[in-house]
Number of protein chains: 2
Amino acid sequence: MNIIISNTSEKPIYEQITTQIKAIIMKGELNAGDALPSIRFLAKELRISVITTKRAYEELERDGFIETVPGKGSFVASGNQELLREEQLRITEGHLIQAIESARSCSLSLAQLQEMLAVLYEE
Amino acid sequence: MNIIISNTSEKPIYEQITTQIKAIIMKGELNAGDALPSIRFLAKELRISVITTKRAYEELERDGFIETVPGKGSFVASGNQELLREEQLRITEGHLIQAIESARSCSLSLAQLQEMLAVLYEE
DNA sequence: CAACTGTATATATATGATATACACACTATA
DNA sequence: TATAGTGTGTATATCATATATATACAGTTG
């Protein structure tokens, strides 16, 4: 688990954690049944409060991506890679839509947008 | 001035206002020296507090897009269309970068991203 | 003065993050 | 086998910040 917290990010810490854990599960680095780091361990490592890591895990559990047992720990739930991928596709679409709306404000054509996308993708 | 407030939006009201006013200036619907609606008028029209419209105008003034005179009103500053366009380009870039990061998480190729972009652009 | 303009103060609500004290589960060892 | 120790997650009370507000104040103009 190599989670990185950015304090300059506009996104809340707990959301940065859930996003990165979802990505790790999606990549197959963690499989169904695998243990996640304990909320205390993760909190110490990231130098944040236990309550913040707990909140991240709560959201992951609420959405069915992990299961957590008091006194034991938290574990990856089964059969969610497809769900995660679909969610990620929707998120990607959302960003593209925002880019398109923003592009329309300054009269960028589809071709110009495509060009920007290609350039940025290489970096 | 045809400003629309969405209560379901995650963006704060004052930001929705600044964004839309910037778009209006960029499109040339308002030119340097033109008067903006008074914060009171706009507040009544949008059924929100004067303080919220004031905050929006404060930000626009801080960034040099409008000038406001107590007792008189607020007016479009001069020579900002280029600045606004550059800002908008940066914002568009930001959204594209987010889309790319999100796409990488679920292993989408550049071609697949381009395809999504094209489809979404037509809608 | 009247009717318009923007301004300042004090306040309510929601969200993100925290410290600290609590309760449950395993396990080593007396 | 009992139990202390160290691991796990949980609950309460609290703080800081951001968004939005009502209401009272002050300047400008005809």
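# Close-up views of a protein–DNA model

Between domain 1 of chain A and domain 2 of chain A, 3 residue pairs are in polar contact, both residues of each pair being at pLDDT 80 or more. The model shown in these views is predicted.

**View 1. The two domains of chain A and the contact between them.** The domain assignment divides chain A into domain 1 (13–76) and domain 2 (81–122). Taken over C-alpha atoms, the centres of domain 1 of chain A and domain 2 of chain A are separated by 29 Å. In this pairing, 6 residues of domain 1 of chain A contact 6 residues of domain 2 of chain A. The area buried between domain 1 of chain A and domain 2 of chain A is about 560 Å², with 69% of it on carbon and sulfur atoms. On the side of domain 1 of chain A, Lys22(A), Met26(A) and Phe65(A) lose the most area to domain 2 of chain A, and together they make up 79% of what that side buries.

**View 2. The salt bridge between the domains of chain A.** The count between domain 1 of chain A and domain 2 of chain A is 1 salt bridge. A salt bridge joins the side chains of Lys22(A) and Glu87(A), at 2.8 Å from N to O. The side of domain 1 of chain A that touches domain 2 of chain A consists of 3 nonpolar, 1 polar and 2 charged residues. Lys22(A) is also among the residues of domain 1 of chain A that lose the most area to domain 2 of chain A.

**View 3. The interface of chain A and chain B.** Here 31 residues of chain A are in contact with 30 residues of chain B. The size of an interface is often given as the accessible area lost when the parts come together. For chain A and chain B, the buried area is about 3300 Å², of which 67% is on carbon and sulfur atoms. Within chain A, the residues that lose the most area to chain B are Leu96(A), Leu117(A) and Tyr121(A), together 20% of what that side buries.

**View 4. Elements and residue types on the side of chain A that touches chain B.** The rule finds 0 salt bridges across the interface of chain A and chain B, whereas 10 residue pairs are counted in polar contact between chain A and chain B, both at pLDDT 80 or more. H1, helix H4 (81–105) and helix H5 (110–122) of chain A are the elements that give two or more residues to the side of chain A that touches chain B. H4(A) supplies the largest share of that side, 16 residues. By type, the side of chain A that touches chain B comprises 18 nonpolar, 8 polar and 5 charged residues.

**View 5. Protein surface near DNA strand C.** DNA strand C is surrounded by 24 residues, and the closest are Ile13(A), Ile51(A), Thr52(A), Arg40(B) and Lys54(B). Of the strand C atoms within 4 Å of the protein, 64% belong to sugar or phosphate and the rest to bases. The residues of the surface near DNA strand C are 11 nonpolar, 8 polar and 5 charged.

**View 6. Phosphate contacts of DNA strand C.** In chain A, a polar side-chain atom of Thr52(A) is 2.6 Å from a phosphate oxygen of DNA strand C. For Arg55(A), a polar side-chain atom lies 3.0 Å from a phosphate oxygen of DNA strand C. In chain B, a backbone N or O atom of Ile39(B) is 3.1 Å from a phosphate oxygen of DNA strand C. Two or more residues of the surface near DNA strand C come from each of helix H1 (13–26) and helix H3 (50–62) of chain A, and helix H2 (39–46), helix H3 (50–62), strand E1 (66–69) and strand E2 (73–76) of chain B.

**View 7. Protein surface near DNA strand D.** Around DNA strand D there are 23 residues, of which Arg40(A), Ile13(B), Tyr14(B), Ile51(B) and Thr52(B) come nearest. Of the strand D atoms that come within 4 Å of the protein, 63% are accounted for by sugar and phosphate. H3(B) gives the most to the surface near DNA strand D, 3 residues. This surface divides into 10 nonpolar, 8 polar and 5 charged residues.

**View 8. Phosphate contacts of DNA strand D.** An N or O atom in the side chain of Lys54(A) is 2.8 Å from a phosphate oxygen of DNA strand D. The backbone contributes through Ile13(B), with an N or O atom 2.8 Å from a phosphate oxygen of DNA strand D, and through Ser49(B), with a polar backbone atom 3.1 Å from a phosphate oxygen of DNA strand D.

Note on methods. Residues numbered from 1 in each chain as written. Chains lettered and ligands numbered in written order. Predicted model: local features only at pLDDT ≥ 70, side-chain atom pairs only at ≥ 80, totals over all residues. Heavy atoms only, no water. Near = heavy atom within 4 Å. Polar contact = N/O pair within 3.5 Å; in protein donor to acceptor, adjacent residues only side chain to side chain. Helix = DSSP H or I, 4+ residues; strand = E, 2+ residues; numbered from the N terminus. Nonpolar A, V, L, I, M, F, W, Y, C, P; charged D, E, K, R; others polar. Contact = heavy atoms within 4.5 Å. Buried area = accessible area lost by both parts, 1.4 Å probe. Salt bridge = Lys/Arg side-chain N within 4 Å of Asp/Glu carboxyl O. Domains from an automatic or database assignment.
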